[in-house]
Amino acid sequence: MTRWVAQTHLNYVSVTPYNWTASTIHGFQGTRQPAIWMGESGPVIVVPGVTEADHAAIKSTFEERGLKIVQDSEKITPAYYSVLLDDGHGGEILVEQSATSRVGHLRFTFTSLDSKPYVLLESSRPSILTSIPTNISYPHGTISLHLRPDSSSIHEICGSNFERQDSIITPVSTLPRVSKFAGYYCARFTTSLDPSTSHGTIQNSTISPLSTSGQGPLLSAYVQFPPHNVVDVRIGTSFISIEQARANIDVEIPDGMALEETVRVVKTKWIEKLDMFALEGASEEQKQVFFTGVAHALQYPYEQHEQGRYYSGYDGKIHDGESYSGYSIWDTYRAEWAFLILFAPERLPGMIKSMLADYTQGGWLPMWKNIVETNIMVATHADSLIAEAVVKGVTGFDTELAWEAVWKDATVPPENDVSTS
């Protein structure tokens, strides 16, 4: 549901949040941007840093918080990422990262003996609409800091983000219902030394020490820790609520689960898929290219459901069942769908039921679904997906409803379809 990447760029349509050629990292982003030509939806960004002062030098804006990558220190696998960053004060920060579908797991090892480490959560940021960098909007967010029971230290930072860059291409039939979309998150902290020593919120670069809540644009919150510390952060994400984000932590990476265990669980799931392939006569470089391609092919569509429920942007309601998003169907109907039928057959009934739910709630099968329909690109290739699944023996969905949906999809254009440019 949420992919975690190092943030090297402000992402928008035509720019992704991570590029391996960058020399600085500005945070670690939970992203839902499904392709370079589509927009972001409800991101959350976690930023490590150090300061010599209590509050004044905490860096919240993208431009000022970038930290240099120690040369050749990045390690990247489908289950684990790590990088060593120069903290700018004579020390280094080792960042390690893994993630399940709905929960990111990060560990920051601060080496400086004198500087005060902090972790910042960015709830709302400047958002670029379309592919023009100067076309900036300022979506709102919320943030709240929660104390540990019987303590003055911070246990969680939770919030929401209303950013949805593809709102400008939402069809008129669903636009009013998706207007209340939000991405929710809750970050839970554990440390190797004493708990947090200070905290606050930041809005539009104005720091409010000891503040525990905020709302609006350009909004962040921070927690400071004693020097030479190891800070473990698990960030639950949700399209439903903050409470659901917390529940996703408890289910996927519960209290007491070490990063090494998260990596093991995620790696095991990837091995189950990658072990389905055996290559003969391939060089090491060819194997790397092939298995990277397999990993990429298994990324989308991605889960939008959470513990048996999901938020629908088509009607703005919470439903029971499975839901998937990131359907770039006109790109994928020829080969990607056939690949999934072969190598992820357990997912197919849920994916088709998700498309049929989109039809029931929104009136048409998805064309390019990014949380909600965008109605871009040509033709109605979802018809092909369902037909191929039927021909190849996929079951577990309502075929009568599927025929009804395919017939309407092929014969009835969406509202204002011929008059909207």
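Here is a friendly conversation about a predicted model.

Biologist: Let's start with helix α5; how many of its eight residues are buried?

Modeller: In this predicted model, the buried residues of α5 include Glu336, Trp337 and Ala338. Phe339, Leu340, Ile341 and Phe343 are buried too. The helix is mostly covered, and the number of buried residues is seven.

Biologist: Which helices do the buried residues of α5 pack against?

Modeller: Helix α5 spans residues 336–343. Its buried residues pack against several helices, among them α4 (329–332) and α7 (382–391). The full set is α2, α3, α4, α6 and α7.

Biologist: Is α5 parallel, antiparallel, perpendicular or oblique to α6?

Modeller: Two packed helices are described by the angle between their axes and the distance between the axes. Here α5 and α6 (residues 348–362) have axes 10 Å apart and pack at about 135°. An angle over 145 degrees would count as roughly antiparallel, and 65 to 115 as roughly perpendicular. That angle therefore makes α5, relative to α6, oblique.

Biologist: How many residues in the contact of α5 with α6 are nonpolar?

Modeller: On the α5 side the contact uses Trp337, Leu340 and Ile341, and on the α6 side Leu348, Met351, Ile352 and Met355. No polar and no charged residues appear in this contact. The nonpolar count is seven.

Biologist: Are the rings of phenylalanine 277 and phenylalanine 339 stacked or edge-to-face?

Modeller: The count of aromatic pairs comes to 12. In the pair of phenylalanine 277 and phenylalanine 339, the ring centres lie 6.2 Å apart and the planes meet at 10°. Planes under 30 degrees apart count as stacked. The pair is therefore stacked.

Biologist: How many residues apart in sequence are the parts that this pair ties together?

Modeller: Phenylalanine 277 sits in the loop between α2 (259–274) and α3 (284–297), while phenylalanine 339 belongs to helix α5. Phenylalanine 277 is buried at 15% relative accessible area, and phenylalanine 339 is buried at 18%. The pair ties together parts whose separation in sequence is 62 residues.

Biologist: What about phenylalanine 290 and phenylalanine 291: is that pair stacked or edge-to-face?

Modeller: Their ring centres are 5.2 Å apart and their planes stand at 85°. Phenylalanine 290 is partly exposed at 31% relative accessibility, and phenylalanine 291 is partly exposed at 24%. Planes over 60 degrees apart give the name, so this pair is edge-to-face.

Biologist: Which residues do ring pairs link into a cluster?

Modeller: The two pairs just described are those of phenylalanine 277 with phenylalanine 339 and phenylalanine 290 with phenylalanine 291. Ring pairs link these residues and one other phenylalanine into a cluster. The members are Phe277, Phe290, Phe291, Phe339 and Phe343.

Biologist: Where does proline 301, joined to tyrosine 300 by a cis peptide bond, lie?

Modeller: Most residues other than glycine have a negative phi, and most peptide bonds are trans. The bond joining tyrosine 300 and proline 301 is cis, with omega about -5°. Arginine 3 lies over the face of tyrosine 300, at 4.7 Å from the ring centre. As for proline 301, its place is the loop between α3 and β21 (302–303).

Biologist: Is isoleucine 371 buried or exposed?

Modeller: Isoleucine 371 is found in the loop between β27 (368–370) and β28 (372–373). Its phi is near 75°, a positive value in a residue other than glycine. With a relative accessible area of 0%, isoleucine 371 is buried.

Notes. Residues are numbered from 1 along each chain as its sequence is written. This is a predicted model: local features need pLDDT of at least 70, side-chain atom pairs count only at pLDDT 80 or more; totals for chains, interfaces and linings use all residues. Side-chain values use heavy atoms; hydrogens and water are left out. Axes are lines fitted to C-alpha atoms, for helices over the stretch in contact, and angles run from 0 to 180 degrees between N-to-C directions. Helices (H or I, at least four residues) and strands (E, at least two) are DSSP runs, numbered from the N terminus. Angles under 35 degrees count as roughly parallel, over 145 as roughly antiparallel, 65 to 115 as roughly perpendicular and the rest as oblique. Contact means heavy atoms within 4.5 Å. Ala, Val, Leu, Ile, Met, Phe, Trp, Tyr, Cys and Pro count as nonpolar, Asp, Glu, Lys and Arg as charged, and the others, Gly among them, as polar. Rings of Phe, Tyr and Trp (its six-membered ring) pair if their centres lie within 6.5 Å; planes under 30 degrees apart count as stacked, over 60 as edge-to-face and the rest as tilted. Buried means under 20% relative accessible area, exposed over 50%, partly exposed in between (1.4 Å probe, protein chains only). A charge sits over a ring if NZ of Lys or CZ of Arg is within 6 Å of the ring centre and within 35 degrees of the ring normal.
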